[in-house]
Amino acid sequence: SKRMQAQTPIFLHECLYPIMQAFDSVVIDADVELGGTEQLYSFMLARDLQKDPAVCEMAKTFRPASVPPVPVSDGSQRQQLGVMSPILVGTDGTRRMGKSLGNYIGISEDPYEMTKKFMQVPDALMRSYFELLTEVPLPQIDEILAGHPKEAKVTLGRQIVGEYHSPQAAHDAAARWQREIGEGELPSDIPVAALSRSLLDPSGAMPAAALLKELGLVPSTSEGMKRIQGGAVFYMVDGVKTKVQDRRAMVPVTPGMIIRAGKKDWCTVELAEG
């Protein structure tokens, strides 16, 4: 109804898909179907089809030999049960978690990468993440969420990273996050980015936003300017940190200098000829 009110096109395959999904339940004579709460109408449609003797008879054509039918007296099937779970919202805080949306946390990711993503989960989602992703008792969840949000996220990350990796890996990842991001220390795995000397002016400097783009820290100079205006950019030479505050600033480039364009965007500069 929302699509119709917004006059957004509804395509035929969108109508056929739930019908075929429901028919699958008839073909395999499903007792239970699992899914998210958005599958309610597909589950209910399957229950309607399972009541129809004609549909059940047609489904025999497609049924694998390993799935014997269990019809009731009139040729229909027992209606399946639909077991649904709440939708897990992604790290962006608005849309359901999905790899295609880039708002997901992969269970096979590096423990530190998982921890960083958990620390970015919006505060408003913390309860649902604890309830859906952990076995922490509800009274204990209340206690955790009554404290500081950062500590709650650390606890959440350690719970889940410990499950898919190990408790020690979860502890180490949380400690590394605290050192490198919580306390602002340098990451231990800063990548090296090559920069051609030909891009520098006679004094060996380069406009800050353009430098960030050439090093691959930002997708465009305009994004580089936004990072500079937001106070996210600085560079370090021999341990001395210099913050870039003017988007038109010229940055003197030297081999081995470290540049940051955000919490996750770092590099060590390597000058190349040409």
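How many residues lie between S5 and S6 in their hairpin, and which residue in the turn has a positive phi? There are two residues between the strands, and Asp 238 in the turn is the one with a positive phi, about 55 degrees. Before going on, a word on what you're looking at: this is a predicted model, where local features need pLDDT of at least 70 and side-chain atom pairs count only at pLDDT 80 or more, while totals for chains, interfaces and linings use all residues. Residues are numbered from 1 along each chain as its sequence is written, and side-chain values use heavy atoms, with hydrogens and water left out.

Let's stay with that hairpin. Strand S5 covers residues 234–237 and strand S6 covers residues 240–243; they run antiparallel and are joined by four bridges. (Strands are DSSP runs of E with at least two residues, helices are runs of H or I with at least four, and both are numbered from the N terminus; two strands pair if DSSP finds at least two bridges between them.) Across the hairpin, Met 236 stands opposite Lys 241 in S6.

S5 also pairs with strand S8 (residues 258–262), again antiparallel, through three bridges. Here Tyr 235 stands opposite Ile 259 in S8. Follow Ile 259 onward and you reach S9, where its bridge partner is Cys 267. S8 and strand S9 (residues 265–272) run antiparallel too, with four bridges between them.

Put these pieces together and you get an open sheet of five strands in the order S3-S9-S8-S5-S6, with mixed pairing. Strand S3 (192–196) and S6 stand at the edges with a single partner strand each, so one side of each has no neighbour in the sheet. On average, neighbouring strands of this sheet are turned by 30 degrees against each other, direction ignored. For that angle, axes are lines fitted to C-alpha atoms (for helices, over the stretch in contact), and angles between N-to-C directions run from 0 to 180 degrees.

Asp 238 has company when it comes to backbone angles. Most residues other than glycine have a negative phi. Gln 7, not a glycine, has a positive phi of about 55 degrees, and Asp 29, not a glycine either, has one of about 50 degrees. Gln 7 sits in the loop between helix H1 (2–5) and H2, whereas Asp 29 is in the loop between H2 and strand S1 (32–36). Gln 7 is exposed at 74% relative accessibility, but Asp 29 is buried at 5%. (Buried means under 20% relative accessible area, exposed over 50%, and partly exposed in between, with a 1.4 Å probe and protein chains only.)

Between those two loops, helix H2 (residues 12–27) holds Ile 19, which is partly exposed at 41%. Ile 19 joins Leu 12, Leu 16 and Met 20 in a nonpolar surface patch of about 400 Å².

Now for two buried spots. Asn 103 lies in the loop between strand S2 (81–85) and helix H5 (111–118), and its relative accessible area is 2%, so Asn 103 counts as buried. A polar atom of the Asn 103 side chain lies 3.3 Å from the backbone oxygen of Arg 95. In helix H5 you'll find Tyr 112, also buried, at 5% relative accessibility. The C-alpha atoms of Tyr 112 and His 171 are separated by 9.8 Å, with the two residues 59 apart along the chain.

Technical notes. Patch = residues over 30% accessible without salt bridge, like charges linked within 9 Å, V, L, I, M, F, W, Y side chains within 5 Å. Areas by Shrake-Rupley, 256 points an atom, 1.4 Å probe, with all protein chains shown as cover. Salt bridge = Lys/Arg side-chain N within 4 Å of Asp/Glu carboxyl O. Polar contact = N/O pair within 3.5 Å; in protein donor to acceptor, adjacent residues only side chain to side chain.
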